[in-house]
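Here's a quick tour of how two chains come together, with a short stop at a helix pair along the way. Have the viewer open as you read.

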There are 2 protein chains.
Amino acid sequence: MRSLNPATGEAIGVDFPRSSRAELEALADAAFDAIDFLADAPGAQIAGFLDDYAARLESDRDGLARLAHEETALPHAPRLSEVEFNRTTFQLREAARALRDESWREVASDAKNSLRSMRVPLGGAVVAIGPSNFPLAFNGVSGGDFCAAIAARNPVIAKAHPGHLNTTARLFAHCAAARDAAGLPKAAVQLFFDCAPEDGESLLAHAGVAALGFTGSRASGLRLKAACDRLGKPASLEMSSVNPVFVASAAATARAEAVAEAWTASVLLGGGQFCTKPGVLLVAGEDAAARVVARARELLSAAAPAVLLTAAIREHASRAIDALRAHGAVPVAGGAASGPGFRLAPTLFAVDAAFARAHRSEVFAEAFGPLGVVVAVEGDAQLVDFARALDGQLATTIVSDEGDAATRATLLGVLRFKAGRILDEAMPTGVAVSAAMVHGGPFPATGDGRHTAVGLPTAAVRFTKMLCLDRVR
Amino acid sequence: MRSLNPATGEAIGVDFPRSSRAELEALADAAFDAIDFLADAPGAQIAGFLDDYAARLESDRDGLARLAHEETALPHAPRLSEVEFNRTTFQLREAARALRDESWREVASDAKNSLRSMRVPLGGAVVAIGPSNFPLAFNGVSGGDFCAAIAARNPVIAKAHPGHLNTTARLFAHCAAARDAAGLPKAAVQLFFDCAPEDGESLLAHAGVAALGFTGSRASGLRLKAACDRLGKPASLEMSSVNPVFVASAAATARAEAVAEAWTASVLLGGGQFCTKPGVLLVAGEDAAARVVARARELLSAAAPAVLLTAAIREHASRAIDALRAHGAVPVAGGAASGPGFRLAPTLFAVDAAFARAHRSEVFAEAFGPLGVVVAVEGDAQLVDFARALDGQLATTIVSDEGDAATRATLLGVLRFKAGRILDEAMPTGVAVSAAMVHGGPFPATGDGRHTAVGLPTAAVRFTKMLCLDRVR
């Protein structure tokens with residue numbers, strides 16, 4: 001298997017092997033060498049591994065960012081070499097800190113009843129499957145799930161994303177060097193590049209594997225969720241979200257163009273390939289909505305085609321466009337794929353509320369790419385109705401002015417149960433790494449709205465079990 | 001549907017209706033009247049309801065305990081009228097406390113990034129299905145899941161257990177009076193008595209229902225888990241556990257008879273119908289095991305048949321006995337069901353390690369009733385092997401002396417990943433209500449080892465979602 005350069009469609013780097021079922025089983029067997037070691041090692045030893053790993057990455061910052069750029073077409077600077085790179089090393093150091101301060105343990109004690117409770121590792125490896133869109137910060141060998149799993153002292157078996165196999169191999173070389181230098185067992189972090197889906201499920205079923213951390217498409221996520229549910233193993237799944245923006249009527253009238261500009265910029269960011277991209281903008285008031293559409297159309301028509309991460313993402317975006325077309329919607333900007341490589345013109349749909357009600361699942365479907373839908377809603381009451389009908393979301397934004405106070409309050413009351421994160425005014429694409437962040441949300445945005453995938457120590461809790469020592473000497 | 005007196009098999013009390021699918025839907029529709037109310041009400045108002053409810057229960061202590069005794073055959077005093085009753089009112093008051101101090105919210109803030117995160121209710125009712133064996137303290141209208149769901153400000157739709165319908169109706173009368181007196185909507189707590197299984201699943205699928213809290217058999221739990229997993233709704237499931245006791249060789253040799261006495265008492269407690277009953281006792285050393293069996297046989301043979309909670313429990317116990325017999329094991333005490341009502345003679349099996357390895361699923365199967373299995377294990381190393389092969393458990397006990405220090409340490413290292421709670425020496429049947437308790441454990445003991453069903457505020461977290469307010473005014 002080889003990565004393709006998304007700007008040209010040409011294969012780059014080396015050919016990576018598909019692991020057989022027996023090879024995957026060997027990884028899971030090996031995990032037993034690391035489970036007790038990591039559970040019992042001094043926190044400083046594992047933390048030292050992560051700190052050293054971060055330092056090694058920094059010594060290869062430019063090479064890694066260039067390679068990631070070549071494989072993903074994401075901008076070299078500042079996106080990869082600064083923003084995402086610094087996020088990655090920050091997360092590694094946050095995980096090191098959690099290992100030193102043990103904040104993820106949530107220790108409780110009750111002297112009267114001689115009880116002590118705490119969180120412990122799961123007793124098996126975490127299979128970490130990262131997404132296409134963050135080759136560094138959500139990579140299975142360096143990203144959020146990796147950090148959370150290691151912070152809670154679990155071995156990691158990572159699967160590389162096919163979109164950035166060479167970057168993953170280069171990250172892993174640094175990881176393995178730091179792991180060995182710190183004296184951790186090789187099985188503390190293992191990597192494979194590819195497998196048959198049914199072999200991946202048999203890996204999950206192995207006794208050496210305790211949990212799954214997955215970020216990716218809804219289709220793959222649901223398949224893996226079903227497998228883990230049958231096994232009774234915890235799965236942390238970040239799957240899909242359209243992150244709608246609700247624009248109340250007074251704000252829409254007062255500043256339709258400014259709203260269009262903020263939204264368009266967020267839709268275009270990273271080629272429209274953030275899981276927090278605001279794919280749908282609901283605007284109360286048909287006149288204001290028409291102004292929003294006019295400005296968004298200007299901006300999107302003027303923007304260059306985005307180079308998408310993979311052929312599959314472009315295909316998925318094209319299918320999403322075709323699904324709206326099939327119901328009679330016509331793009332007011334873009335709509336066409338182009339070459340070389342995997343390009344898509346920035347694309348805008350403008351639909352009315354009746355269309356959005358009739359074709360809710362097509363309008364509110366996640367699609368990576370520079371693609372957005374403006375829904376012209378009759379008024380504030382209908383805005384609230386759309387909020388009530390929403391599926392679980394990672395994030396959602398309310399745009400309101402003073403005159404919209406009642407609508408904003410009602411929307412907040414509805415959306416608090418629908419999304420992991422609510423923003424006033426700001427577009428949802430920025431996700432700060434913080435203990436007060438929630439990158440989560442009810443199904444189907446994730447598998448379980450009780451957890452967050454970003455922010456330590458909270459994200460580490462996903463990969464723990466609770467243990468009470470009851471009158472233990 | 002009528003409850004039966006387990007001591008006589010005769011129907012008692014009134015005939016309770018089976019709710020139709022439409023009636024269940026009406027409960028879920030009504031929940032929308034309570035979701036926002038409970039989310040926004042002053043904590044003191046909901047806490048006041050719980051405190052008043054506890055006081056109303058106390059004013060009817062004797063009547064409730066007598067009725068529960070009639071329906072369950074559990075001892076009136078001290079079990080029902082004191083121990084379980086006080087546990088129930090304590091839990092209600094702990095939930096009131098959590099509502100006042102909001103400890104379950106797990107608030108985090110990050111001024112630099114303008115983030116505030118917290119837990120919020122789920123935005124839908126929790127369906128609470130309690131078990132047969134705690135008519136008060138785990139009842140859907142008064143027990144642990146009820147308290148946890150209300151503490152996190154969720155409406156509750158409870159299903160009565162068929163074993164104690166009249167007790168549940170009487171509890172609910174107090175609950176409804178307190179609910180109304182506190183000015184809460186009727187839909188804050190609703191009750192139904194019976195439904196067809198497929199209608200129960202359609203209730204779970206309703207938009208007004210957000211989660212399930214279930215305590216009961218593994219078969220029912222797995223069916224409900226599959227339904228909730230498909231829906232992507234969180235389910236808290238406490239299903240089955242055999243809670244094995246590991247007796248290391250020095251302790252076994254030094255005090256075989258005392259171990260047998262402690263274990264037998266725990267097996268007989270409550271008719272052997274605790275989810276933490278230590279169903280299997282593994283003893284290192286064949287001579288010591290023979291002494292344990294001899295003493296346990298004396299005690300169990302001398303004990304009166306236990307009156308079991310329901311005909312179904314006796315049938316399940318009989319099937320468990322038959323399954324061991326079918327492989328050639330012969331009870332060394334008891335083994336027979338008897339009447340009147342639902343009685344079973346205290347029953348002891350004594351098997352060797354080879355038998356337990358060959359028929360692991362039958363030996364390590366949960367069965368309510370005064371039934372236990374002693375496994376004579378060759379030595380300490382084999383004890384550890386059995387620990388490694390264990391499924392997820394609620395609790396497990398290690399019995400060891402000074403000479404067993406190495407074995408104990410190894411067992412602790414293995415069992416920390418297998419059980420929600422580990423005890424030194426003490427039998428697992430007592431579960432203190434404490435913030436440092438873990439009544440949980442990996443699948444299949446529960447649905448998710450990351451949570452506990454006992455102890456506030458931790459148990460309330462099961463019925464929450466995380467929310468981040470990001471730059472919200």
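Do the copies meet through the same surface or through different ones, and why? Keep in mind that this is a predicted model. The copies use the same surface, because 98% of the interface residues of chain A are also interface residues in chain B.

Symmetry first. Chain A lands on chain B after a rotation of 180° with 0.0 Å of shift along the axis, at an RMSD of 0.0 Å. The two copies are therefore related as by a two-fold rotation axis. Within chain A, the C-alpha nearest that axis belongs to Asp229(A), at 3.3 Å.

Now the contact itself. Chain A puts in 50 residues and chain B 49 residues. On the chain A side, these strands each give two or more residues:

| Strand of chain A | Residues |
|---|---|
| β3 | 108-110 |
| β4 | 115-120 |
| β18 | 419-424 |
| β19 | 465-470 |

β19(A) gives the most, with six residues. By class, the chain A side has 23 nonpolar, 14 polar and 13 charged residues.

Strands also pair across the two chains: β18(A) runs in the parallel sense with β19(B), over three bridges. In that pairing, Ile422(A) stands opposite Leu469(B).

Inside chain A, have a look at helices α1 (residues 21-40) and α7 (residues 197-205), which pack at about 25° with their axes 9 Å apart. That angle makes α1(A) roughly parallel to α7(A), and the crossing is right-handed. Arg21(A), Leu24(A) and Ala28(A) of α1(A) meet Asp199(A), Ser202(A) and Leu203(A) of α7(A). By class, this helix contact has three nonpolar, one polar and two charged residues.

Methods. Residues are numbered from 1 along each chain as its sequence is written. Chains are lettered from A and ligands numbered from 1 in the order in which they are written. This is a predicted model: local features need pLDDT of at least 70, side-chain atom pairs count only at pLDDT 80 or more; totals for chains, interfaces and linings use all residues. Axes are lines fitted to C-alpha atoms, for helices over the stretch in contact, and angles run from 0 to 180 degrees between N-to-C directions. Helices (H or I, at least four residues) and strands (E, at least two) are DSSP runs, numbered from the N terminus. Angles under 35 degrees count as roughly parallel, over 145 as roughly antiparallel, 65 to 115 as roughly perpendicular and the rest as oblique. A crossing is left-handed if the near helix is turned anticlockwise from the far one by less than a right angle, and right-handed if clockwise. Two residues are in contact if their C-beta atoms, placed from the backbone, lie within 7 Å. Ala, Val, Leu, Ile, Met, Phe, Trp, Tyr, Cys and Pro count as nonpolar, Asp, Glu, Lys and Arg as charged, and the others, Gly among them, as polar. Copies are superposed by least squares on the C-alpha atoms of residues with pLDDT of at least 70 in both. Two strands pair if DSSP finds at least two bridges between them.
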